[in-house]
Amino acid sequence: MAIKPVFVSTYPPRECGIATFTQDLVNAIEKYNDVRRCYIIALSKDKHIYDNRVLYDINQDKFSNYVKAANLINMSDIDVVVIEHEYGIFGGEDGDYIIPFVKLIKKPIITTFHTVLKNPTAKQFEILKKLADASFKVITMAKTTKDILMEVYDIEEEKIEIVHHGVPYMELDDRETLKEKYGLKGRKVISTFGLISPGKGLEYAIEAMNKVRKEFPEAVYLILGQTHPNIKRIKGEEYREKLMNMVKELKLENNVQFVDKYLTKVEIMEYLRLSDIYLTPYIGREQAVSGTLAYAIGSGKAIVSTPYTYAQEMLSDGRGVLVEFEDAQSIADGILMLLRDENLRKEIERKTLEIGKEMYWHNVAKRMIDIFYDVVEINKKVGVIA
């Protein structure tokens, strides 16, 4: 039996990490014959022109749109509804429009939690708990967050599935060839990519480069990506301008470069391939998953990171270097340790790539399809009992 899933998520061309995640996932799933076709109920802030996978476009702040979407799902031949959950992409207080929406849906639901908070507000707790209760299965991307779902939210273990954040696999030129292509020949390259926002801690990374360049003047830190559209809408380029002013004040123009554009997949993978070190200096301690860190792991990078939840788990067993939050000296020490010791760097790359291979999208898609079948079977049994 071929299955027809619908994903409730942000979706390109909306610029959002979860939108990109969902597009990558459905592209990978559709390569298997087990799935007839993937559809999308897209969550939007602005008007977008979507591809023909999108069945309906919800204005996330209009509750009537959720009702229409639920009715559309119920009247269709969709087999399973997959909700990509993040508090900020649904309307209402902390995104609480999702709760009456799932109550209206008469098809089996799977929810992927992109954020799992250890210390939620009462409203955040209520939303996650009710969403989990309405779901046949819940998906998280790390063992740490599975433990939090069980201990904090009292979700039964058999309902929870761990599925890695997917990453692309591409045949690419070697590191030195790509460095030459991007005008970085002879440089030691440290990089961070993703939508820029104050929570990324990039100011500490720039300050760290002031220390790194004293020993490695050829080192360059690439800050890759545009400002997050939600931040840009409210505060413009205030944060980026602050960072650029820091670079000028520290006279780091030769050691810090901004690539202010929305990167294509190929560009992301090429920049990762040419990087000697990948850096995530994030300041959010509870971050349950990071797509950018997942991409770096899938690329087999030597990684320096602050110890947020996802990084602690994924970089354990010698797969990276953890440094202190909001501490430029600690970040500099981590980078310098890897720049000084090429053998250590290569050993970390080898260990990282081992787990990275498990995260390729085709493996993640197969896991998801298995979960679809499980949920459809559970739903049949529940229907018989009822």
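**Notebook: the parallel sheet and Val364**

I began with one pairing in this predicted model and found that Phe7 has Ile40 as its bridge partner in E2. Helix H4, residues 122-133, packs on the sheet, where I find it touching E4, E5 and strand E6 (137-140), and its direction makes about 145 degrees with that of E5. Going back to the strands, I noted that E1 and strand E2 (residues 39-44) run parallel and are joined by 4 bridges.

Next I followed E1 to its pairing with E4. Strand E1, residues 5-9, pairs with E4 in the parallel sense, over 4 bridges, and within this pairing I read Val81 of E4 as the bridge partner of Val6. I then looked at E4 and E5, and found 5 bridges joining E4 to strand E5 (residues 109-113), the two running parallel, with Val82 standing opposite Ile110 in E5. I also traced the connection, and recorded that E4, helix H3 (residues 98-104) and E5 make a right-handed β-α-β unit.

I then wrote down the whole sheet, which is open, has 7 strands with parallel pairing, and follows the order E3-E2-E1-E4-E5-E6-E7. Strand E3 (54-59) and strand E7 (160-162) stand at the edges, and because each has a single partner strand, one side of each is left without a neighbour in the sheet. From one strand to the next, I noted a twist that averages 20 degrees. I looked up helix H5 (residues 143-151) as well, and it lies across E5, E6 and E7, running at about 170 degrees to E7.

How many residues of strand E4 are buried? I found 6 of its 6 residues buried, for the strand that spans residues 80-85. In a regular strand the side chains alternate between the two faces of the sheet. I therefore went through E4 face by face, and found Val80, Val82 and Glu84 on one side and Val81, Ile83 and His85 on the other, all buried, so that both faces are covered.

My last entry concerns Val364, which I placed in helix H15 (residues 361-385). Is Val364 buried or exposed? Its relative accessibility is 4%, and since buried means under 20%, I count Val364 as buried. Leaving aside residues up to four places away in sequence, I listed what Val364 touches: Leu25, Val163, His164, His165, Gly166 and Met359. I also checked Val364 against Tyr50, 314 residues apart along the chain, and their C-alpha atoms are separated by 24 Å.

Key: Residues numbered from 1 in each chain as written. Predicted model: local features only at pLDDT ≥ 70, side-chain atom pairs only at ≥ 80, totals over all residues. Heavy atoms only, no water. Buried < 20%, exposed > 50% of the residue type's maximum accessible area, 1.4 Å probe, protein only. Contact = heavy atoms within 4.5 Å. Pairing = 2+ DSSP bridges. Right-handed = clockwise from strand over helix to strand, strands pointing away. Axes fitted to C-alpha atoms, helices over the stretch in contact; angles between N-to-C directions.
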